[in-house]
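Good morning, colleagues. Please look at the sequence and the structure on the screen while I take you through some selected features.

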Amino acid sequence: MIKLNCWEITHCGRQPGGDKIDEFGICPTAIDKSSNGINNGKNAGRYCWRIANTLCEGKRQRNYATKALNCVKCEFFLKVRKEEGEAFKL
């Protein structure tokens with residue numbers, strides 16, 4: 001099974017080379033090397049709920065506290081959780 005990163009699912013365009021960089025900047029999930037490999041993602045691509053300044057539903061999520069409630073209902077979060085099973089990292 002191919003495990004996709006958030007930008008590959010959401011098509012946000014904020015990954016390096018993305019079409020929304022001029023408007024929104026590069027998303028920190030796409031370049032956060034400290035999270036590389038968590039939940040089998042590239043950088044924080046499958047750990048985006050732990051990263052500040054992501055763009056979710058068209059709104060910038062400044063910090064974990066303000067985005068946590070949205071993330072646990074997010075289709076991508078639920079997809080990763082299901083795919084990773086017991087190995088899932090919150």
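Glu84 has a relative accessibility of 10%, and since the limit for a buried residue is under 20%, Glu84 counts as buried. Please bear in mind throughout that this is a predicted model.

With which residues does Glu84 form salt bridges? One partner is Lys3, whose side chain meets that of Glu84 at 3.0 Å, N to O. Glu84 belongs to helix α5 and Lys3 to the segment before α1, so this pair ties together parts that are 81 residues apart in sequence. In contrast to the buried glutamate, Lys3 is partly exposed, at a relative accessible area of 27%.

Another partner is Arg46, and here too the side chains meet at 3.0 Å, N to O. This salt bridge links distant parts of the chain: Arg46 sits in the loop between α3, residues 28–31, and β1, residues 54–56, while Glu84 is in helix α5, and the two are 38 residues apart. In this pair both residues, Arg46 and Glu84, are buried.

How many salt bridges does a search of the whole structure find? The number is four. Among them is the pair of Lys79 and Glu83, whose side chains meet at 2.8 Å, N to O. Lys79 and Glu83 both lie in helix α5, four residues apart, which is about one turn of the helix. Lys79 is partly exposed, with a relative accessible area of 33%, whereas Glu83, at 18%, counts as buried. Through shared partners, salt bridges join Lys3, Arg46, Lys79, Glu83 and Glu84 into one network. As a general remark, side chains of opposite charge can pair when their charged atoms come close.

I turn now to the nonpolar core. The largest such core has 14 residues, and those with the most contacts inside it are Cys6, Trp7, Cys48, Trp49, Phe76, Val80 and Phe88. Two helices, α1, residues 6–10, and α5, residues 75–84, each supply at least two residues of this core. Which element gives the most to it? The answer is α5, with three residues. Helix α5 therefore appears in both parts of this account: it holds Glu84 of the salt bridge to Lys3, and it contributes to the core.

Let me take three residues of the core in turn. Cys6, setting aside residues up to four places away in sequence, touches His11, Thr29, Gly45, Cys48 and Phe76.

Trp7 is found in helix α1 and, at 12% relative accessibility, counts as buried. Beyond its neighbours within four places in sequence, Trp7 is in contact with Cys12, Gln15, Thr29, Ala30, Lys42 and Gly45. Thr29 and Gly45 thus also appear among the residues that Cys6 touches. For a sense of distance, the C-alpha atoms of Trp7 and Pro28 are 11 Å apart in space, and the residues are 21 apart in sequence.

Where does Phe88 lie? Its place is the segment after α5, and with a relative accessible area of 17% Phe88 is buried. Leaving aside neighbours within four places in sequence, Phe88 is in contact with Asn39, Trp49, Phe77, Val80 and Arg81. Of these contacts, Trp49 and Val80 are also listed among the residues with the most contacts inside the core. Phe88 and Ile31, 57 residues apart along the chain, have C-alpha atoms separated by 21 Å.

My last topic is the largest pocket. Rolling a probe the size of a water molecule over the atoms shows where empty space is left. In this model, the largest pocket has a volume of about 530 Å³. Its lining consists of 23 residues, of which Thr10, Leu55, Cys56, Glu57 and Cys74 lie nearest its centre. The elements giving two or more residues to the lining are α1, β1, β2 (59–61), α4 (64–71) and α5. What is the make-up of the lining by class? There are twelve nonpolar, six polar and five charged residues.

Leu55, one of the residues nearest the pocket centre, is located in strand β1. Not counting residues up to four places away in sequence, Leu55 touches Arg14, Phe24 and Arg60. Leu55 and Thr10 are 45 residues apart in sequence, and their C-alpha atoms are 9.9 Å apart in space.

Notes. Residues are numbered from 1 along each chain as its sequence is written. This is a predicted model: local features need pLDDT of at least 70, side-chain atom pairs count only at pLDDT 80 or more; totals for chains, interfaces and linings use all residues. Side-chain values use heavy atoms; hydrogens and water are left out. A nonpolar core is a set of buried Ala, Val, Leu, Ile, Met, Phe, Trp, Tyr and Cys residues joined through side-chain atoms within 4.5 Å. Buried means under 20% relative accessible area, exposed over 50%, partly exposed in between (1.4 Å probe, protein chains only). Contact means heavy atoms within 4.5 Å. On a 1 Å grid over the protein atoms alone, a cavity is a set of points where a 1.4 Å probe fits but cannot get out, and a pocket is an open set with protein on both sides within 12 Å along at least five of seven lines; lining residues have an atom within 4 Å of a point. Grid points are joined across faces, edges and corners, and a volume is the space filled by probe spheres set on the points. Ala, Val, Leu, Ile, Met, Phe, Trp, Tyr, Cys and Pro count as nonpolar, Asp, Glu, Lys and Arg as charged, and the others, Gly among them, as polar.
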